[in-house]
Amino acid sequence: MGSHIAVRFDGDRAYVTLDRPDKHNGLTIDMLHGLIDAAHTVAGRDRVRAVILSGNGPSFSSGLDIAGVTRDPLAIVRNFIPRPWRGTNTFQEACWAWRRLPVPVIAAVHGRCYGGGLQIALAADIRFATPDAEFSVMEARHGLVPDMSGAATLSRLIGMDKALLLTMTADTVDAAYAARIGLITEVSADPTAAAEALADRIATRSPHAVAGAKRLFERTWQASTRRTLAIERSTQLPLVVRRARMSGERTTK
């Protein structure tokens, strides 16, 4: 598709690729809209069991193309207004749309993964990265804070103290450190192959259970115990009913 976002389907996998390699996949507003459109496209494919997010060229993404985006201040204002039915603006939805999908989203990261690019990777459910990948919550270098859902994902993944450390310093960290603190899931020499292998393993499980697990943890990770237990019950009940119905159908055949 356009906007420097490529979408490809292969069997039960969807590949979504940031495709502005000459700029280290520096993010434009058009690319953010392209990511949202890509998530909607994937959501419309019933056969998809996993999504693999990656970047073409030398980097996953160097972050927002500040020079390009700030040339049109009105566009920033327009895209900063939240969608009333979603509660996210364009910058946030480009990341959070991947959390809304009922299938696992796996990021395969290499090279630079900075700023907005890091927030896109953090919105994936699982992250594999090459040993030489670099990560930075770099917004403070521009006098900003993470505003593409990073506040939600950072604190969930690594805790508030480490989130503040990375955000306040805007330091660049390597993959080994990122894995040690939980910013990424694993270091891999070939993150795309690792993502594909994991997608294959997950595809052997019930898609309803996989979707239920993703929805369950998304809704309860920072909820009270009482609310968490209620959501557990409401998530599990239809799965139990479905399994019982399937068992009954097999028994009567």
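**Entry 1: E139 and its surroundings**

I looked up the side chain of E139 and found a polar contact of 2.9 Å that joins E139 to the side chain of Q119. The model I am reading is a predicted one. I then placed E139 in the chain: the residue lies in the loop between strand 7 (134–136) and helix 6 (150–169).

Which residues does E139 touch, leaving aside those up to four places away in sequence? I listed G115, G116, Q119, L144, V145 and P146. Q119 therefore appears both in this list and as the partner in the polar contact, given that a polar contact requires N or O atoms within 3.5 Å and the pair E139 and Q119 stands at 2.9 Å.

I next checked the charge of E139 for a partner. E139 is buried and has no salt bridge. The nearest side chain of opposite charge is that of R141, at 8.6 Å. A salt bridge needs the nitrogen and the carboxyl oxygen within 4 Å, so R141 at 8.6 Å does not qualify.

**Entry 2: the sheet of three strands**

I turned to the sheet that includes strand 7. This open sheet has three strands in the order 5-7-8, and its pairing is mixed. At the edges I noted strand 5 (112–114) and strand 8 (172–174), each of which pairs on one side only. On average, neighbouring strands here are turned by 25° against each other, direction ignored.

Between strand 5 and strand 7 I found three bridges, and the two strands run parallel. For C113, the bridge partner in strand 7 is F135. Helix 5 (residues 115–123) lies across both strand 5 and strand 7, and runs at about 90° to strand 5.

**Entry 3: the sheet of six strands**

A further open sheet is built from six strands in the order 1-2-3-4-6-9, again with mixed pairing. Why is one side of strand 1 and of strand 9 left without a neighbour in the sheet? Strand 1 (5–10) and strand 9 stand at the edges, and each has a single partner strand, so one side of each stays free of a neighbour in the sheet.

I followed the pairings in turn. Strand 1 is joined to strand 2 (residues 13–18) by six bridges, in the antiparallel sense. Within this pair, F9 stands opposite A14 of strand 2.

Strand 4 (residues 105–109) pairs with strand 6 (residues 126–129) in the parallel sense, over four bridges. I recorded F128 in strand 6 as the bridge partner of A108. Strand 6 also pairs with strand 9 (residues 186–187), in the parallel sense and over two bridges. In strand 9, V187 is the bridge partner of A129.

**Entry 4: salt bridges of helix 9**

How many salt bridges does the structure hold? I counted seven, and I examined several that involve helix 9.

E218 forms a salt bridge with R99, with the closest N and O atoms 3.1 Å apart. This pair links distant parts of the chain, as E218 is in helix 9 (residues 207–220) and R99 is in helix 4 (residues 90–100), 119 residues apart. Are these residues buried or partly exposed? E218 counts as partly exposed because its relative accessibility is 22%, whereas R99 is buried, with a relative accessible area of 12%.

E218 also forms a salt bridge with R156, the closest N and O atoms being 2.7 Å apart. Here helix 9 is linked to helix 6, where R156 is found, and the two residues are 62 apart along the chain. R156 counts as partly exposed, at 23% relative accessibility. Through shared partners, salt bridges join R99, R156 and E218 into one network.

K214 forms a salt bridge with D125, at 2.9 Å between the closest N and O atoms. K214 is in helix 9 and D125 is in the loop between helix 5 and strand 6, 89 residues apart. K214 is buried, with a relative accessible area of 13%, and D125 counts as partly exposed at 28%.

**Entry 5: A213**

Last, I looked up A213, which is also found in helix 9. A213 is partly exposed because its relative accessible area is 31%. I noted the separation of its C-alpha atom from that of F80: the two are 31 Å apart, and the residues lie 133 apart along the chain.

Technical notes
Residues are numbered from 1 along each chain as its sequence is written. This is a predicted model: local features need pLDDT of at least 70, side-chain atom pairs count only at pLDDT 80 or more; totals for chains, interfaces and linings use all residues. Side-chain values use heavy atoms; hydrogens and water are left out. Buried means under 20% relative accessible area, exposed over 50%, partly exposed in between (1.4 Å probe, protein chains only). Lys and Arg count as positive and Asp and Glu as negative; His and the chain ends are not counted. A polar contact is a pair of N or O atoms within 3.5 Å; within protein, one must be able to donate a hydrogen and the other to accept it, and residues adjacent in sequence count only if both atoms are side-chain atoms. Contact means heavy atoms within 4.5 Å. Two strands pair if DSSP finds at least two bridges between them. Axes are lines fitted to C-alpha atoms, for helices over the stretch in contact, and angles run from 0 to 180 degrees between N-to-C directions.
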